[in-house]
Structures are given as C-alpha cells and as structure tokens.
Amino acid sequence: MTRSDDRVDTLAEPAAVGGMKAHRIFLLLKDAIMSGRMEPGEKLPGELKLAEQHKVSRVTVRRALQALREAGLVARRPGIGTLVLEQPLDARLTASVSNLLPNMVQMSEASHVRLLEFSYVEPTGMVRERLGMSSSERVQRSIRVRLMNDKPFSYLVTHVPERIALNYNEADLADTPLFALLERSGVKVSQATQTISAALADQEVAQALSVAVGSPLISLTRVVYDQDGRGVEHLDALYRPDRYRFQIELNRAGDEAARYWEPMGEAGGEPKTSKAGRR
C-alpha cells in the first residue's frame, strides 16, 4: 500500500486539527494505530458512529480524520471508508531500560545528532546537587537533537562537569556519542539513576522535534556516576512517543510464598534492545 511522499510528521498535526475536541480524537485514534490495536487495512468507524462514541459533532470528527489522513496514518477509499495504512517498520526505536550501555551504543549507530548549543555555564542548584559539585564549579551544557532517517525523535540537554568536558570540544560532541567521550576522558562509569515520566512540548522543544506545542512527550532524567560516586553527567531528555519507547524484560522471581517480577538483568538474563515499528 503506497502513500504520498508529502507525509506530515504524525505529532505535528494537532495544531491544524482545529479545536481541543478534534485534537483529542486525533490523538486517541493515532495511538490506537501506532500501538497496533488497529491494524493496517482495518476500517475506522464511520463519522456518525465516532461522533456518538465521543459525544461530539460530525464536523469535529471530520477534522480529526482529515488530520489523520494528512499524517499518513489513514486513507479514504470511496465506497469503502477510512482505512488504516501500513506504517514503516523502523518508525520507532525500542530501548531496554535494564541494559543502559548497549542501548546507547545501538542508538548512536542507528541515528545521528544535530548540535544546537555548546557552552560553559553555572549549573542550576538542582543539577549542582545531583552531580555533587562544589559552588565554584561550572558545567558544560549542550542541547542536541537526535534523528533517525533524518526525522527527530529526541531532545537532549546534558550537563557535564567542566573538569571532564575540557577533554573534548564542540566538534567532538557533534560527531561522537557523549558516553564515548566520557570514556575517552578517563571516566570509569559505575552506575546511574534514571526516572521516566511525561511532559508537554514547549515552543522551543516543539520546533526542534517537529511537533505541535503542547504535544505529549516521554520525559527521562538520568544522572551518571563514576567509580568514586562522583556525578559525571546529568541528562534531561524528551522523546517523541510515536518514534521512541522503553521496554523492560522481566523474570519471575521469589519463592511460592512471595513471587514477584524483576528486570532480567538482575536475574542474569539478557534484556533485548531492538528497532520496532507499530508492533
């Protein structure tokens, strides 16, 4: 099944949908398509049925469906209805939460970076505290956008203590993954803490990721430590959920009286990291 080469970025469409109700229906249907709950070739309910389901007018439904068509997610077939289109298999990266380093290696090989900012600044109080820095230390702050197939999927803000960052320059960061530059600087990474949440795109992030302002994003904060327990990197990352997702492989553990799930890495298994599409 073919589609136009003029496809608009999936998450950029809500700005043109027109109205919050149409925006909401667009996002619900998009999520059903991208998650695989609606398969390629499957017919969407008619305008009247969708209007009844969501308690909106048919005009609102029509706007949402038009945005889906412009995003390349569905096609209108005369005499048949609105059908779900096949999506590229490499439309989304799937990353293992349990196996951090192989995940970063794979990501760097499958994508490239656009460096937006490189500067030395005074860190915020939160970054200073998390990295365990003294009041006199500065950080190297960078903003990067990572792209796959020339389409942006992540917006990365990193802070690295100046004593470490002086070992590489702006050109290095534009061409080499940060974790490789840390290792080249003599840093022995030991552990990291990571939290995953959600956020909405502000104007700057929306422009960088080609999404509408207010679009939902995956939010990740990671602090990396060396063997001496010193913070060596603070990362704030925002990801487009239609192009990136996290996956955790779990093992059943414990005895019969207290069974529970734990990440496979903790039980000696090998977490999987792979590219995936709409599966």
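**Close-up views of a predicted model**

**View 1. Trp-261 at the surface.** Trp-261 is exposed, because its relative accessible area is 55% and exposed means over 50%. The model shown is predicted. Trp-261 sits in strand β12, which covers residues 260–263. Together with Ile-248 and Leu-250, Trp-261 makes a nonpolar surface patch. The patch measures about 340 Å².

**View 2. The largest nonpolar core.** This core has 20 residues. Which of them touch the most other members? They are Leu-44, Val-61, Leu-65, Leu-68 and Leu-73. Three helices each supply at least two residues of the core: α2 (20–34), α3 (47–54) and α4 (58–70). The largest share, six residues, comes from α2. A general trend fits this view: in soluble globular proteins, nonpolar side chains tend to be buried together.

**View 3. Leu-44 and its contacts.** What does Leu-44 touch, once residues up to four places away in sequence are set aside? The list is Leu-29, Met-38, Leu-65, Leu-68, Val-74, Thr-82 and Val-84. Leu-65 and Leu-68 also appear, with Leu-44, among the core residues that touch the most other members. Apart from the largest core lies another one, of 13 residues. Its members include Leu-147, Tyr-155, Leu-209 and Val-211.

**View 4. The buried face of helix α3.** Four residues of α3 are buried: Glu-47, Leu-50, Ala-51 and His-54. Where do they lie around the helix? Seen down the axis of α3, the buried residues fall within an arc of 100°, so they line one face of the helix. The cover over these buried residues includes α2 and α4. Those two helices also supply residues to the largest nonpolar core, as does α3.

**View 5. Just after α3.** Lys-55 follows α3. The phi of Lys-55 is positive, near 55°.

**View 6. The whole chain, for context.** How many helices and strands does the chain have? There are ten helices and 13 strands. The chain holds 279 residues, and 45% of them count as buried. Take the contacts between residues at least 6 apart in sequence: 62% of these join residues at least 24 apart. The chain exposes about 14,400 Å². Carbon and sulfur atoms supply 49% of that area.

Definitions and conventions: Residues numbered from 1 in each chain as written. Predicted model: local features only at pLDDT ≥ 70, side-chain atom pairs only at ≥ 80, totals over all residues. Heavy atoms only, no water. Core = buried A, V, L, I, M, F, W, Y, C linked by side-chain atoms within 4.5 Å. Buried < 20%, exposed > 50% of the residue type's maximum accessible area, 1.4 Å probe, protein only. Contact = heavy atoms within 4.5 Å. Arc of directions from axis to C-beta. Patch = residues over 30% accessible without salt bridge, like charges linked within 9 Å, V, L, I, M, F, W, Y side chains within 5 Å. Areas by Shrake-Rupley, 256 points an atom, 1.4 Å probe, with all protein chains shown as cover. Salt bridge = Lys/Arg side-chain N within 4 Å of Asp/Glu carboxyl O.
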